[in-house]
Amino acid sequence: MTRSDLGNGRRERWLFLGSGLVVILAVLLGLAREQRWGQPMVMFRLISSNATGLRPGQEVRISGLPVGQLRSLQLQADASVAIAVEVAQRYAPLIGPTSVARQGQEGFIGDRYLEISPDPQTAGKGKRSSDQRLPYEQPLELAPMLQQLVQTQKDLQATLRNTTRLTANDLPQTLRDARLSLRGIHSLATFLQRESASTAPDLRDALRQISRAGSTVEQTSTEAQQLLRISQPELIRTLDDIQTLTNTSQRLLQNLLGLFGPDSGGNPTQSPQPAAPLRPAPGGPIQHGLPR
Amino acid sequence: MPASLQRLNAAARHSLKLAERDGERCGGPVLLAGLVLGLGVVELSSSALGQTSRFSLELLILLVLQLMGPMLVTLIAMALLLPRWLERSADRHGGWRESLLASALIGTVLMVLFLMAAITGGVLASPRADLVGEFRELLSGVLLSDLLRSCFRAAFFLVMLCAWSQLRGRRRLQRDVAPALVSSDLMVEGLMLLLGLKLLWIIAIDPLRLTTSAQ
């Protein structure tokens with residue numbers, strides 16, 4: 001196809017260049033939309049000892065929503081890795097002093113992303129510098145965890161082995177003893193049941209008799225109280241008479257002593273003490289004033 | 001309008017027409033090749049190698065942008081356009097220069113079409129149901145600098161092949177060598193030149209980087 005061929009009057013359709021232009025524009029628009037071209041971004045820097053699982057272009061999320069991208073990874077002189085993260089400026093106030101970056105993953109085999117814990121700042125809390133540091137939390141390393149898991153499994157197996165050995169030796173003996181004890185308790189219970197069945201009627205009779213005796217005693221007590229209440233004035237009077245008789249006898253004896261002279265014994269200077277009159281204490285038992 | 005500007009304008013229009021006609025010839029095969037490559041790589045990676053769909057698609061982009069995209073596009077274009085280049089090399093009106101400009105344009109557009117076809121094929125072959133979401137995630141991982149570098153490489157390769165083919169072809173045709181034989185020889189020479197350029201590029205100019213994004 002030469003210049004003369006091109007000038008043969010054929011009208012161009014511009015199919016290739018037109019469609020190519022459309023595709024290029026669509027790709028550019030897609031890239032601009034997905035990569036947030038023209039959006040003001042704030043750069044954050046993280047320092048990590050290990051960049052496993054991180055790669056440029058990775059999504060940065062806050063509360064599960066994309067807010068930026070991981071820009072670059074750079075190995076430092078001290079073997080640490082400097083990670084540059086871009087976050088859209090309108091989401092930057094969500095990152096504060098207590099924010100921590102860590103790796104996240106969707107499910108077990110899903111895409112990895114960088115999650116920043118939110119720490120919302122108020123609007124006028126100072127101007128944000130263009131390059132800030134964020135603490136980075138290392139993801140859980142799988143190899144040491146697996147080693148620990150293997151060690152734990154070994155310990156668990158040893159414990160299970162010991163438990164099995166213990167139960168194999170001691171448990172049958174314990175069960176045998178327990179069975180014997182239960183059998184003894186059962187026979188004892190049977191014996192007690194039989195004994196109680198045989199003694200229950202006698203016991204019931206005895207209890208009935210005791211109850212009857214108790215009633216009789218109560219009745220007797222009541223009668224005694226009534227008798228005492230009836231005989232109390234008579235008894236007091238009798239005691240007064242006895243006292244009077246005693247005083248009279250004493251006076252008679254003194255007279256007889258005076259009649260037979262002082263040498264016959266006794267002490268005429270000592271006058272006998274009169275006996276205390278017998279008076280019942282109010283509401284109390286009967287007291288007598290005889291010398292003890 | 002000065003005469004030089006008029007000539008430049010005419011050359012540009014002529015180059016655009018050439019690019020359109022050559023592009024129409026190459027567009028379909030390149031799109032088909034991209035689609036097949038995308039389907040094949042993702043299918044192989046996700047089913048036979050047991051990789052995740054995301055990893056497979058990233059591998060596909062890496063292959064297309066960094067390893068074989070520009071080379072494959074250039075090779076297809078060369079195979080399809082070589083007869084036309086030979087024809088133009090004999091043109092005494094300087095048509096070969098316009099052919100170089102058209103080749104650069106064709107290489108750039110074909111590379112973008114190839115990338116889109118490969119991504120479409122890969123997304124269609126991936127087991128994930130959310131095709132649009134996957135496409136968007138992929139786009140978020142492709143850097144413009146990588147895309148521009150690939151387009152530039154494809155354009156550069158195609159221009160170099162076009163220039164080589166026209167230069168060598170004109171000399172061979174002037175010696176009355178049969179055009180079929182010239183075409184066959186130039187195909188082999190073009191392939192060798194392409195591989196040499198690729199080697200030079202990845203060793204000296206732009207070494208391979210095993211990521212889909214810029215560092």
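Author: Two residues are in contact if their C-beta atoms, placed from the backbone, lie within 7 Å. Keep that in mind. The model here is predicted.

Reader: Among contacts in chain A between residues at least 6 apart in sequence, what share joins residues at least 24 apart?

Author: The share is 57%. For chain B, with a separation of 6 or more, residues 24 or more positions apart account for 85% of the contacts.

Reader: How many helices and strands does each chain have?

Author: Chain B has six helices and zero strands. Its order from the N terminus is α-α-α-α-α-α. Chain A has three helices and eight strands. There the run is α-α-β-β-β-β-β-β-β-β-α.

Reader: What percentage of each chain is buried?

Author: Apply the cut-off: a residue is buried if 20 or more other C-beta atoms lie within 10 Å of its own. In chain B, 46% of the 215 residues are buried. In chain A, the figure is 9% of 292 residues.

Reader: Now helix packing. How are two packed helices described?

Author: By the angle between their axes and the distance between the axes. Take α5 (residues 144-174) and α6 (residues 179-205) of chain B: their axes come within 9 Å and cross at roughly 145°. The crossing of α5(B) past α6(B) is right-handed. On the α5(B) side, the contact includes F157(B), M160(B), L161(B) and W164(B); on the α6(B) side, it includes L186(B), L193(B), L194(B) and W201(B). The classes in this contact of α5(B) with α6(B) are twelve nonpolar, three polar and four charged residues.

Reader: Which residues of α6(B) are buried?

Author: V182(B), L186(B), G190(B), L193(B), L194(B) and L197(B) are buried in α6(B). The buried residues of α6(B) pack against α2 and α5 of chain B.

Reader: Where do the axes of α2(A) and α4(B) cross, and at what angle?

Author: The axes of α2(A) and α4(B), residues 131-141, come within 8 Å and cross at roughly 85°. Angles of 65 to 115 degrees count as roughly perpendicular, so α2(A) and α4(B) are roughly perpendicular to each other. G30(A), L31(A) and E34(A) of α2(A) meet R136(B), L139(B) and S140(B) of α4(B). By class, that contact of α2(A) with α4(B) has two nonpolar, two polar and two charged residues.

Reader: Which residues touch the most other members of the largest nonpolar core?

Author: They are I106(B), L110(B), F114(B), L115(B) and L158(B), in a core of 58 residues. At least two residues of this core come from each of α2 (15-34) of chain A and α1 (3-48), α2 (53-89), α3 (95-125), α5 and α6 of chain B. The largest share, 16 residues, comes from α3(B). Leaving out residues up to four places away in sequence, I106(B) touches A19(B), D22(B), G23(B), C26(B), A77(B) and L158(B). A second, separate core has 17 residues, including I62(A), A101(A), L114(A) and Y136(A).

Reader: Last topic: phi. What sign do most residues other than glycine have?

Author: Most have a negative phi. S63(A) has a positive phi, near 55°, and is not glycine. S63(A) lies in the loop between β2 (59-62) and β3 (65-75) of chain A. D176(B), also a residue other than glycine, has a positive phi near 60°. D176(B) sits in the loop between α5 and α6 of chain B.

Reader: Are S63(A) and D176(B) buried or exposed?

Author: Residues with 12 or fewer other C-beta atoms within 10 Å count as exposed. S63(A) has 11 such atoms, so S63(A) is exposed. D176(B) has 7, so D176(B) is exposed.

Key
Residues are numbered from 1 along each chain as its sequence is written. Chains are lettered from A and ligands numbered from 1 in the order in which they are written. This is a predicted model: local features need pLDDT of at least 70, side-chain atom pairs count only at pLDDT 80 or more; totals for chains, interfaces and linings use all residues. Helices (H or I, at least four residues) and strands (E, at least two) are DSSP runs, numbered from the N terminus. Axes are lines fitted to C-alpha atoms, for helices over the stretch in contact, and angles run from 0 to 180 degrees between N-to-C directions. A crossing is left-handed if the near helix is turned anticlockwise from the far one by less than a right angle, and right-handed if clockwise. Ala, Val, Leu, Ile, Met, Phe, Trp, Tyr, Cys and Pro count as nonpolar, Asp, Glu, Lys and Arg as charged, and the others, Gly among them, as polar. A nonpolar core is a set of buried Ala, Val, Leu, Ile, Met, Phe, Trp, Tyr and Cys residues joined through C-beta atoms within 7 Å. Angles under 35 degrees count as roughly parallel, over 145 as roughly antiparallel, 65 to 115 as roughly perpendicular and the rest as oblique.
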